[in-house]
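Biologist: Please pick one part of this model and look at it closely. Start with the metal site, then work through its surroundings in the chain.

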Amino acid sequence: MSSINYSEKIPNNVNLVSDRTLQRALEHWQPQFLQWWGEMGPTDFLGADVYLRTAVSVDAEGWAQYGAVKMPDYRWGIFLADPVAERKIGFGDAMGQPAWQQVPGEYRSTLRRLIVTQGDTEPASVEQQRLLGHTCPSLYDLRNLFQINVEEGRHLWAMVYLLHAYFGRDGREEAEELLGRHSGDTDKPRILTTFNEPISDWLSLFCFTYFTDRDGKYQLKSLAESAFDPLSRTCRFMLTEEAHHMFVGETGLSRVVKRTLEVMKEIGTDDPAKVRAAGAVDLPLLQKYLNFWCSSSLDLFGNEISSNSAANFASGLKGRPDETTYDDHVLREKTFTLKVPQGEETVPMLNALNEVMRESYLKDCEIGLKRWNRQIERAGHAFRLTLPSSRFRRSIGPWTGLPVDPQGNLLDKSIYEKKLNEWIPSQADRAFVHSLMQRVIEPGKMAGWIAPPERGINNLAIEYEYVKLH
Ligand SMILES: [Fe+2]
Ligand SMILES: [Fe+2]
């Protein structure tokens, strides 16, 4: 059941060959996808041999096969986790009823919207990262970037399959639109703001994969709970791919911290200006990048008080990540008290689920910070990295546009404006980070601002030539 058929034009484990109409529709979309990849994917690396993993089965063990692949030849396809026999809806008002194998008419447009919104982020991130290959700190990192890029491309396939298979003509039109919008485009931008922010340096990439891909993990986890079983199965397999993206973020930032601490030791000072002069990312600068990308990603969870989140949960479309770990799966009786600028507000729990998700996301984000702070502590420094308050720099919800500092305190607007440059990267900070982005492509060598990884990919040496550029 879980093996993937690679003999077909579109690799899949959904028995695509049995549905000729669907197969034809997807085969019609495939060249448009490849054209998009050629125009909007990683620039100038179409001929490079990249040591990539490809899914061979959807089991937890051994789903991947590794080998040198030119990215345009990557076998993008449709892979769903195996069905759970007689799966029941796990939350909401229809809890306990059989999961849906088709889309109920009354939820059609809402489900389509959820799938399109998720799907839009996947190609968006490829577009955001398309120039980074030119400034890679090592071949190891370059390979990781391209692995993420091809997998985000596959995530687009995952959502396009659902649109084509379950939403008829509307779905096919939405699938075309997913290639028509572009990150940062003034006329046709991507749907969510974070996915229109340029990612033009590797420090931003590591922050993006740490914070924004982790939002992706939470969205996928909540959709994996969905009563709509094909969506659940799709998202469950996507989560296994997503784990690598966050690995890249977490280890990337660990390596930055490690290198910075080495440089501080070499030059015998933690003076940020001297650390910069020695070619490393000073810790206060790293804190600014964390503040920027964390706060930007927090908006992706939506408004603190949301009737959509209530409706999506009650109807079984979207659960909470790890729904089974909660006691109450209906939530009709519960309330939630949250901080708003006027004080506190108590709302029905169903309406506060975005906030519930945001809080568990922030807890997950803490894990990396603890690790990095242990590195800093062991090196004998008092500096500690922190996450910004979820009220800082928000563009959605009751804290929108309010002058709040990273600790969550409301300030005078004039003070806030003066201090903002101390909390998020200034132009000068960004220019400095850009100046560090010198391409290193000698196998095993690393740029001066980042330490080598602890190990290579798939048990290979760090010196392995992960990308053959020719
Ligand atoms: Fe993704
Ligand atoms: Fe991702």
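Modeller: What follows covers the metal site, two loop residues and the pockets.

This is a predicted model, in which local features need pLDDT of at least 70, side-chain atom pairs count only at pLDDT 80 or more, and totals for chains, interfaces and linings use all residues. Residues are numbered from 1 along each chain as its sequence is written, chains are lettered from A and ligands numbered from 1 in the order written, and side-chain values use heavy atoms, without hydrogens or water.

Start with the iron ion (ligand 1). Its donors are Glu 122 (OE), Glu 152 (OE) and His 155 (ND1), at 2.0 to 2.2 Å. A donor is an N, O or S atom within 2.8 Å of the metal (3.2 Å for Na, K and Ca); water is not among the atoms, so sites may look incomplete. Along the sequence, the donor residues follow the spacing E-x29-E-x2-H. Glu 152 also bridges to the iron ion (ligand 2), and the two ions lie 3.5 Å apart.

Glu 152 and His 155 both sit in helix α3; they are three residues apart, so about one helical turn separates them. Helices (H or I, at least four residues) and strands (E, at least two) are DSSP runs, numbered from the N terminus. Glu 152 is buried, at 3% relative accessible area. His 155 is buried at 0%. Buried means under 20%, exposed over 50%, and partly exposed in between (1.4 Å probe, protein chains only).

Now the loops. Thr 135 lies between α2 and α3. With a relative accessibility of 19%, Thr 135 counts as buried. Its side chain makes a polar contact of 3.3 Å with that of Trp 202. Such a contact is a pair of N or O atoms within 3.5 Å; within protein, one must be able to donate a hydrogen and the other to accept it, and residues adjacent in sequence count only if both atoms are side-chain atoms. Setting aside residues up to four places away in sequence, Thr 135 touches Trp 202, Met 437, Gln 438 and Arg 439. Contact here means heavy atoms within 4.5 Å. Arg 332 is another matter: its C-alpha atom is 52 Å from that of Thr 135, with their positions 197 residues apart along the chain.

Thr 43 is in the loop between α1 (20-40) and β1 (49-55). Thr 43 is buried, at 13%. The side chains of Thr 43 and His 134 form a polar contact of 2.8 Å. Beyond neighbours within four places in sequence, Thr 43 is in contact with Arg 130, Leu 131 and His 134.

Last, the pockets. The largest has a volume of about 980 Å³. Thr 117, Leu 192, Gln 219, Leu 300 and Lys 318 are the closest to its centre among its 45 lining residues. A pocket, on a 1 Å grid over the protein atoms alone, is an open set of points where a 1.4 Å probe fits, with protein on both sides within 12 Å along at least five of seven lines; lining residues have an atom within 4 Å of a point. Volume is the space filled by probe spheres set on the points, which are joined across faces, edges and corners. The lining has twelve nonpolar, 22 polar and eleven charged residues.

The second largest pocket holds about 540 Å³. α3 (139-166), α6 (229-267) and α10 each give two or more residues to its lining. α6 gives the most, with seven.

Note on methods
Ala, Val, Leu, Ile, Met, Phe, Trp, Tyr, Cys and Pro count as nonpolar, Asp, Glu, Lys and Arg as charged, and the others, Gly among them, as polar.
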